[in-house]
Amino acid sequence: MAKQKVAEQFVDILVRAGVQRLYGVVGDSLNPVVDAIRRTPAIDWVQVRHEEAGAFAAGAEAQVTGKIAACAGSCGPGNLHLINGLYDAHRSMAPVIALASHIPSGEIGLGFFQETHPDQLFRECSHYSELISSTQQMPRVLQTAIQHAIGRSGVSVVALPGDVASAEVSERAIEHALVTTRPTVRPGEAEIEKFARMIDEAKRVTLFCGSGTAGAHAEVMEFAERVKSPVGHALRGKQWIQYDNPYDVGMSGLLGYGAAYEATHECDLLILLGTDFPYYDFLPDDVKIVQVDVRPEHLGRRSKLDLAVWGDVRETLRCLTPRVKAKPDRKFLDRMLKKHADALEGVVKAYTRKVEKQVPIHPEFVASVLDELADDDAVFTVDTGMCNVWAARYITPNGRRNVIGSFTHGSMANAMPQAIGAQFTDLNRQVISMSGDGGFSMLMGDFLTLVQYDLPVKVIVFNNSSLGMVELEMMVDGLPSFGTTNKNPDFAAVARACGAYGVRVEKPKQLAGALKDAFKHKGPALVDVVTDPNALSIPPKIRKEMVTGFALSAGKVVLDGGVGRMLQMARSNLRNVPRP
């Protein structure tokens, strides 16, 4: 039998697992694997300019497709650059396999040039991180890493010395069956029965939904109708649950709006569905709480539970709903729907006043126009900071759009690299990066990746020449802003110098036309929108103990800004409230 190199085995197994591309930067110890990719038609090498961008791209690809994605870094500093993007992928539950190539195996532990210990470095941001030190390990170690990434929804890291990757083995790897999809998880019978009894005994039930409701929209709506429950959501649950939802009462948390906070506190049974909502200050401590989650380690770590249910949301509700008695009384639901509509009415100033004449441009206006003009199946990648605010309040979910951000890890500079991975999954799908000027400039070098591969990503830079969210944090703490001002170039001119389409917008009347032209352009495009750095106002009352790194207030209107078409949805839902 013909001999095969370990690197070729490695690539073959990735292909069998469904990996279509590796994002990374080539270099010495990584070269054997990159050369094997060059000779394998079923997989591509994507050359990024910074390994961190490659890790972000892989994480975004996995989130869009639901399948495993991959990235790689050369020994020492090369793979070390992956760590921030891998943290984000891991905390976003994105299945990613990372190859950390390593120094020669005989030099490990001797202080060799570029020596690190990647198998130890990545343990905190992975489910599995192991070093391959012999040719006999590779087939099983890589396959085990893949099973961990897919089965536990997160990152696996394999450290592979260059000399081991180049070594020949006399036999091809045994082709074990690989798990590439996750099973459904049904709760135990006892938990379902107790859950049903608690719902039947409750008079006012509220649902609070997270990203674990993906794929369970119909089941959640059926259950909400049966028990006449308001439905609130966390930021990561917005795209999965807010659309076509006549029970919607908005979002709780640091970027919250509407009546979600009231609905979770005025019920007598709160059901947390697929959410690891981190801000316990926004959760009640005087109502009964049931949490449903497919990851048992999430159960009860944010609030005291009266019942913990281990199962995925869709399968749990399919088992539960037929056993629950229908509730005819919708007074609580109708009262929360009215509160939600009234709350949104109170914060639409930025959406209703004559923002088309305001200079500098209000970022709320930019986001609302972007929402109107974007495709119905667009992918939005969102920078951490104020772009999170605008996406949360203005981007309208419809069941076909995707919104990806560093919503749990909270990294800057995530949006444009994530757009790279999202676009590679479908070159004909519209991908829009909502980038802050701080985030964009941090990893601006990988704008060249868009140009090199002619990826039609549209980068919209919300350019307020500041780190806006950090300024807000300082103001809430009573501190003068310091170190938050950015001296920026004309980003549109930079884009044109790179060979892409670029346009700068300084007046509101230019915005719609500039966005339309960028969207029509077949290749990468950047729209540099000069926005008002003073678009935010601090509320007159804020509880100091609720201020965190993402400082806003609890369940009240925090920003002097609108909420776009969500107001229209709230008004529409009010039509379902019976009139006396």
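Accessible areas are calculated by the Shrake-Rupley method with a 1.4 Å probe, and for residues only the protein chains shown count as cover.

**Figure 1. Overview of the predicted protein chain.** The accessible surface of the protein chain comes to about 23400 Å², of which 51% belongs to carbon and sulfur atoms. Of its 580 residues, 58% are buried (under 20% relative accessible area, 1.4 Å probe, protein chains only). This is a predicted model, in which local features need pLDDT of at least 70 and side-chain atom pairs count only at pLDDT 80 or more, while totals for chains, interfaces and linings use all residues. Residues are numbered from 1 along each chain as its sequence is written, and side-chain values use heavy atoms, with hydrogens and water left out.

**Figure 2. Strand β16 and its two partners.** In strand β16 (residues 379-382; strands are DSSP runs of E, at least two residues, numbered from the N terminus), V379 and T381 on one side and F380 and V382 on the other are all buried. β16 pairs (at least two DSSP bridges) with β17 (residues 402-405) in the parallel sense over four bridges, and F380 has V403 as its bridge partner there. Four bridges also join β16 to the parallel strand β18 (residues 431-436), where V431 stands opposite V379.

**Figure 3. Helix α17.** Nine of the nine residues of helix α17 (residues 386-394) are buried, including W390, R393 and Y394; helices are DSSP runs of H or I, at least four residues.

**Figure 4. Surroundings of L273.** Leaving aside neighbours within four places in sequence, L273 is in contact (heavy atoms within 4.5 Å) with L207, F208, C209, G210, T213, V220, V292, V313 and L317.

Terms used:
Buried < 20%, exposed > 50% of the residue type's maximum accessible area, 1.4 Å probe, protein only.
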